[in-house]
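Subject: A structure for you to explore

Hi there,

Here is the structure I promised to pass on. Have a look at it first, and then read my notes underneath.

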Amino acid sequence: MDVDQDGEVISPEASGQIILPSAALPGIVQVIPQESRPFFPGQAIPLIMSAEQWLPTLEEVRRRDQDVIGLIATKHDVDGVPGASDLYDMGCLCKIHRVHREGDQLQVLLEGLQRFQVRRWIKEDTPLTASVRHFPDPSQSQSAEETAYAVAIINTIKELIPLNPLYGEELKIFLARSNPNEPAVLADFAASLTTASKADLQEVLERVALQPRMELVVKLLRREVEIAAAQMEIRAHVEQEIQGHQREAVLRQQLKYIQEELGLSKDDKTAEIEAFEARIADLDLPDKVAKRLDEELNKLRILETGSAEYGVTRNYLEWLTCLPWGVVTEDTTDLTAATKVLDRHHEGLEDIKARIVEFLALGIMKGDAAGSIICFVGPPGVGKTSLGRSIAEALGRRFYRFSVGGMRDEAEIKGHRRTYIGAMPGKLIQALKDTEAANPVIMLDEIDKIGSSYQGDPASALLEVLDPEQNGAFHDHYLDVEFDLSKVLFICTANQLDTIPGALLDRMEVIHLSGYLDNEKLSIARKHLLPRQLQRAGLTKGDLKITPAAWRKVIEGYSREAGVRRLDKAIASLVRKSVVQLLADASPPITVTDDDVEEYLGKPLYEKEQLQRGVGVVTGLAWTALGGATLPVEATRVHERNPGLKLTGQLGDVMRESANIAYSYVAGHADELGAPEAYFDSANIHLHVPAGATPKDGPSAGITMACALVSLARGKAIRAGFAMTGELTLTGQVYPVGGIREKLLAAKRQKIKQIILPAANQADVEAVPEHIRKGLKIHFAETLNDVLARVF
C-alpha cells in the first residue's frame, strides 16, 4: 500500500502500480444516496429504491458499460431527492450484481468493494456523477498492533453473542472463518454489527488508516457490549418476576384445590356472609335493625354472585354492619380540663367560652352533653369552626365537619333510595361511619348558605336532624331503618341569621361571635398565629422578631376586619420574606420594625379613618358581613331655586326610604327641631353617604340622616365624639335595629366614646361583653328630640 506526501493512502492506479484489468476501477462513478446507515466494503446489501428517481442513474451506469456504483450516506434527513450538498464526501464503491424491477420499485443487490472520496462533483443532480479517488484496504496485517486489535475485535464480538439473541449462527460461522491477519474486513464487518449512530459509522468509514479505524471500532463494540449487558439484566429481572407470579398463581390454585378436597375452604360468598355474621354478633342492634339484617343476609345467600342485586345487597349490608350501633365514647367530666382546652386554643371571647363551659357543665351534670343544637354566628375568621373542634376535644369526643354551603340536594342529608344506581347514605350516616361512634360532635359549616333546587330543600331535611324531639329516630332513605342521632352534639356555623329559615333557626341556640379588638388580635397573633406560621416555614421562635410598633401597624393597616384571617395572611407574608433573607445569608434573628412593614406587605389596605366634623356631617354606625363599620352621612344645600332632596352613595331601597322619612319629618317639624321654619321650602339639599363605590342598605341610618339635615338647617355642627344608629319613623319615634354588638365594636375601634342607640336596644347592649362596653358612654333615645338634645 502506497502513501503520498500528506500521509494519505493512494490508489494503485495513482501510484503507477501494475494492476489486473478486472481490478481496475473507474475514476468517474454514478452515486446513489443512502439515507439509513453508511455501507462498508465486504458487505452485500439488497436495496429497494424508487424506479422513477434512480432508474436513470442505473441506466447511465449501464450506458458507460460499468458494473459499479457509489453509495454515500446523507448528512441528515432530506425531504425529496437528495442533492450533492446533502451527501458526505466519503462513501463505498459497490458492484452491481442484480437489478430487478417490480412495479414502481427497484430491487438492487450490491456488494461493497472499497472506500472512495469525491474529488469533485461532475453532476450535482440526478443522475449524480462524481470524480472519485479510491482507497483500497491492505489484504494482510501490516503490524503486530493491527493483529492485536483484530484479536480484540473478535473477542468482543464473542462477548456479544450470548448477550444478544439477534447475533445468531451466521455470526458464529463468520467468526470461525475470520482471520486476525485480515483486519480491514474484520473492522468494517464489526462496525456494521453495532447500533451506533450514522455519524459514528460515517467516522469509521472515513478512517482510511487502518489502526485508527480499528481503535474506533473497538470503542463502538465495547459500548455495544455494555448496552447488551444492561438489556440482558433487565430481561432477566422481568422474566424472574413473571415466573414468580406464575409460580405463586399455580401454588394458590393447587392450595385451593387441596382445601376444597379436604373441606377446609369456602367460596367468596360464604366467606362474606360469615364476615357479616361476625360483625353483627359484636353490635348492639335494635330489634327492627336485627330483623332487617337477617332478611338481607337470607337474600344474599340465594343470590348469584354475578348478579347486580348481589352487589346492591352486599353494599347495603356493608353499610348497616359498619355503623356504630350502640357504640359511644365516654365524655370527659373534668370541667377544669375542658376550660383549659378552650383557653389554650382561643384568646379572648371570654363570654363565649363562659357560655360553652355552662353548656358543658349542664351536660356533665345530666350525663349527656347532647340535646341542644349550638349555632355560632359571626363574621369570617373569628374562630367559629375552631371553637367546634375545641368543644369536641374538651368533651373527649370525635369530631366530624362538613359544609352545607351551596348544598342543593336533600339526598346529601337523608341519602338516596337504594333503587338508584350508585346510591349512598347521607352525610350524617357517613359521619357516623367515619367517627365509629354514635355520639360524635358533628359540625354543619356555613348553614346560612344552604341552597334549594328542584332536587329538594336540604334546609327542610335538616329540620328532622336538628330537632332533639325527632332525631332520636332519624330515617335515612338508603338505610331505610331508624338510627338514633340524639346522642350527637350538633354545632352549626353562620355569618348571618337572615338567610336561615325561621323553622330551622328556632331549633338552634344562637351564640354570637362579634369579633376581636386590636389588643385581642395582638395577643392571638403572638400566641397562636405567629408560632403556627413559623412551624410551617421550619423556623424557630428565635429566627424572627416583630417589634410592638410593627405589630400595631400590621393590625391597623392590614387587618381591620372582625376576624384574623387577613392578619394570618400578613404574618405568613412576613415569615416568607424572613425565610428569603435567612437563605440569603442573613444572620438570625430577622427583626421586623414598623418601617419594614410596608416594604414587606406593600401599601396598607386600610388608611387611618379621620372622623369628619362640620355642619351637616354626622357619624353613623353600620353592620356588615365582616363586622361593624362607621358610616359618615353628609348633607349640603346646593341652591334655593328648586326645593327637594337628592340622594347618592349607592343607597338601597330601604335606605332611600329612611332618607325620605328623615327629610319629611325634619321639613315638617323644622320649627320644633330648632331649624328655620321656611328653610326646607326653598332649599335643594344633596345627601351623600360615602364611599360611593360601596352598596349600602338598611333602616338603621334614619336618625343619622335626620341629625345631618337638622345640623345643616341650623348651620351648626353636632358635638364631637358622637356616633349613632337607629330607625326613624314619620312620627319621630326611634325604632330598634340589629347588629348592636358589631356596631359598638366598630365605635370602639375608632375611639368614639359617645354612642346613641334606640331605647328598645337596651337589652341587646346588656348582652354585649363588658370588655367591649368598657370606656363607652351609651345614650338611649326614644324620639328624635332625645337624640338632638344629646348632640347639640
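Let me start with a question: in which helix is the place of D681? D681 sits in helix α23, which covers residues 679-682. Please keep in mind as you read that this is a predicted model.

D681 is also part of a group. Together with D671, E672 and E677, D681 forms a negative surface patch. Is D681 buried or exposed? Its relative accessible area is 56%, and a residue counts as exposed when that value is over 50%, so D681 is exposed.

Now to the charged pairs. Side chains of opposite charge can pair when their charged atoms come close. How many salt bridges does a search of the whole structure find? The search finds 25 salt bridges. Here are three of them to look up on your screen.

The pair to begin with is R115 and D188, whose closest N and O atoms are 2.7 Å apart. R115 belongs to strand β7 (residues 105-123) and D188 to helix α5 (residues 183-193), so this salt bridge ties together parts that are 73 residues apart in sequence. Are these two residues buried or exposed? Buried means under 20% relative accessible area, so R115, at 0%, is buried. D188 is buried as well, with a relative accessible area of 1%.

Next, please find E318 and R279. They form a salt bridge in which the closest N and O atoms are 3.1 Å apart. This pair also links distant parts of the chain: E318 is in helix α10 (residues 308-322), R279 is in helix α8 (residues 268-281), and the two are 39 residues apart. E318 counts as partly exposed, at 25% relative accessibility. R279 is partly exposed too, with a relative accessible area of 31%.

Then there is the pair R637 and E640, whose side chains meet in a salt bridge at 2.7 Å from N to O. R637 has a relative accessible area of 38%, which makes it partly exposed. E640, at 47% relative accessibility, also counts as partly exposed.

One more thing to look for: which residues do salt bridges with shared partners join into one network? They are R115, D137, D188 and R213. You have already met R115 and D188 as a pair, so you could start from there and then look for D137 and R213, the other members of the network.

Happy exploring, and send me your questions whenever you like!

Best wishes

Notes
Residues numbered from 1 in each chain as written. Predicted model: local features only at pLDDT ≥ 70, side-chain atom pairs only at ≥ 80, totals over all residues. Heavy atoms only, no water. Patch = residues over 30% accessible without salt bridge, like charges linked within 9 Å, V, L, I, M, F, W, Y side chains within 5 Å. Areas by Shrake-Rupley, 256 points an atom, 1.4 Å probe, with all protein chains shown as cover. Salt bridge = Lys/Arg side-chain N within 4 Å of Asp/Glu carboxyl O. Lys, Arg positive; Asp, Glu negative; His and termini not counted. Charge placed at Lys NZ, Arg CZ, Asp CG, Glu CD. Helix = DSSP H or I, 4+ residues; strand = E, 2+ residues; numbered from the N terminus. Buried < 20%, exposed > 50% of the residue type's maximum accessible area, 1.4 Å probe, protein only.
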